[in-house]
Amino acid sequence: MTTTSARGADSAAAVAVAVNADADNPDADNPDADNPGEACTDHVHTGDVHTGHVHTGDVHTGQVNADEGATYAAARERSAVLDQLIDEQAAGHPERFRVLTGDRPTGPLHVGHYLASLRNRVRLQDKGVETFIVIPDYQVITDRDGVGAIGEHVHGLILDYLAAGIDPERTTIFSHSAVPALNQLMLPFLALTTEAELRRNPTVKDELELSGGRPLSGLLLTYPVHQAADILFCHGRVVPVGRDQLPHLEQTRAIARRFNQRYAAGQRIFSEPEALLSDVPLLLGTDGAKMSKSRGNVINLRDTADETAARIRGARTDSQRRITFEPKDRPEVANLLVLAGLFLGEAPESIAERVGEGGAQALKQVVTEAVNDGLRDHRARRAELERDPGYVVGVLRDGNARANVVAERTLATVREVMGMAY
């Protein structure tokens, strides 16, 4: 425990150094600047274990788990410091905390997205943080044969962003396919990444497993590099992630570091982005498995109040009548208590005590009311926006235009430092 604390303290201190590294150099990492950068001095690493390089065949499994736990603890401490710095500095120096985030347009957003992501994006936006939200439409075909109803899904994402409080005047919403310079960055970035690194990436493994045994496509294999291009094209400094996405961000940090060293003679063209970890716990779906659009076990933001009630009525619980909060022994019941607590701003233990002997039916009623009340304003705004499709299309068009300016400037800098500006 002492080792973790020491590591966390060192890492947390390094976050402050990295974030403030540009205090005397306002043009470094600025997508609106023509300056290619200055000497690279802020190579900060997330803990001592490189999460993409843990070999279970060479290290005792218990030690691997302990090391991963220690790395995550250090990442959480870094994230807490980063959140504090955002509170203190974002209004005066928004460029230091530029955020890149996004959602694949594979289906409607659900309550998990709302609680863990959308509310946090609005919070950061309202603190003055520059935010870019990518709709990675090219990534839809990483693990499927067709694009499906992609236009409908993209439109739905934008509706939910705007309904949640995203302001398109302060936040840039754009799509992959409309920003060619971003995608061109993949070429030099691929040269900085090995096949072994990509195959070890947990998300690549997970996505391949969910694809139903289909062959590994080149796009899925290089998914982490595409995400690195998403983050680095706009010089993203902060990336909101969950624990399972930390290896992706570490790959982006490695690409930024290697680019600076190999192609830019040590100039800091790209800074290594920091993870902002979510405080929202992992929510299970209504069937007790991981919440997932592909499993159909979610409560969609676009659902009506009646549809929401029906989904919650069908949620798994257990045979015990008294409701208690015991995540390890009663995960499905605990999940419903957490879901209600997140909407009500109340501890799940107190909700369990209030429901008591009311059983699963009473619990589901509490959850239904909490979710429907919590989403009432969102759904009303969404319905209003849905009546003006031209406005929604215009939001994406304007965001694409802004993203193209940034991407073309970044690509021009990359070509210049690589000696390719012929």
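Is Q139 buried or exposed? At 1% relative accessibility, Q139 counts as buried, because the limit for burial is 20%. This value, like every other one here, comes from a predicted model. Q139 sits in the loop that links β2 (131-135) to α4 (150-164). Beyond its sequence neighbours up to four places away, Q139 touches R104, H176, Y223, H226, Q227 and D230.

The protein as a whole comes next. Its secondary structure comprises 16 helices and five strands. The protein has 422 residues, and 52% of them count as buried. The exposed surface comes to about 18700 Å². Carbon and sulfur atoms supply 50% of that surface. Contacts often link distant parts of the sequence: among those between residues at least 6 apart, 79% join residues at least 24 apart.

Two parallel strand pairs can be described in turn. Strand β1 (residues 99-102) runs parallel to β2, and four bridges join the two. Within this pair, V99 of β1 stands opposite T131 in β2. Between these strands the chain passes through helix α3 (residues 111-126), and the resulting β-α-β crossover is right-handed.

The second pair is β4 (238-241) and β5 (274-277). These strands also run parallel, with four bridges between them. V241 stands opposite L277 in β5. Here the chain crosses from β4 through α11 to β5, again as a right-handed β-α-β crossover. In a regular strand, side chains alternate between the two faces of the sheet. Strand β5 is covered on both faces. E274 and L276 are buried on one side. A275 and L277 are buried on the other.

The loop after β2 leads to helix α4, where I150 lies. I150 is 10 residues from V140 in sequence, and their C-alpha atoms are 8.4 Å apart. V140 is also among the contacts of I150. With neighbours within four places in sequence set aside, the other contacts of I150 are P105 and D137.

A charged side chain gives a further example of burial. E197 belongs to helix α7 (residues 195-200). It counts as buried because its relative accessibility is 7%, under the 20% limit. Two polar partners are found for the E197 side chain. One is the backbone nitrogen of T194, reached at 3.0 Å. The other is the side chain of R258, with a polar contact of 2.7 Å.

Backbone geometry singles out several positions. Most residues other than glycine have a negative phi. H235 is not a glycine, yet its phi is positive, at about 55°. The loop between α10 (223-233) and β4 holds H235. With a relative accessible area of 9%, H235 is buried. A265 is likewise not a glycine, and its phi is positive at about 50°. A265 lies in the loop between α11 (246-262) and β5. A265 counts as exposed because its relative accessibility is 76%, over the 50% limit. Thus H235 is buried, whereas A265 is exposed.

How many residues does helix α16 have? Helix α16 (residues 389-417) has 29 residues. From its first C-alpha to its last it reaches 42 Å, close to the 42 Å expected at 1.5 Å a residue. Just after α16, G419 takes a positive phi of about 75°. D398 is one of the residues in this helix. The relative accessible area of D398 is 43%, so the residue is partly exposed. D398 and I173 are 225 residues apart in sequence. In space, their C-alpha atoms are 8.2 Å apart.

Terms used: Residues are numbered from 1 along each chain as its sequence is written. This is a predicted model: local features need pLDDT of at least 70, side-chain atom pairs count only at pLDDT 80 or more; totals for chains, interfaces and linings use all residues. Side-chain values use heavy atoms; hydrogens and water are left out. The expected span of a helix is 1.5 Å times one less than its number of residues. Buried means under 20% relative accessible area, exposed over 50%, partly exposed in between (1.4 Å probe, protein chains only). A polar contact is a pair of N or O atoms within 3.5 Å; within protein, one must be able to donate a hydrogen and the other to accept it, and residues adjacent in sequence count only if both atoms are side-chain atoms. Contact means heavy atoms within 4.5 Å. Two strands pair if DSSP finds at least two bridges between them. A crossover is right-handed if, with the strands pointing away from the viewer, the path from the first strand over the helix to the second runs clockwise. Accessible areas come from the Shrake-Rupley method with a 1.4 Å probe; for residues, only the protein chains shown count as cover.
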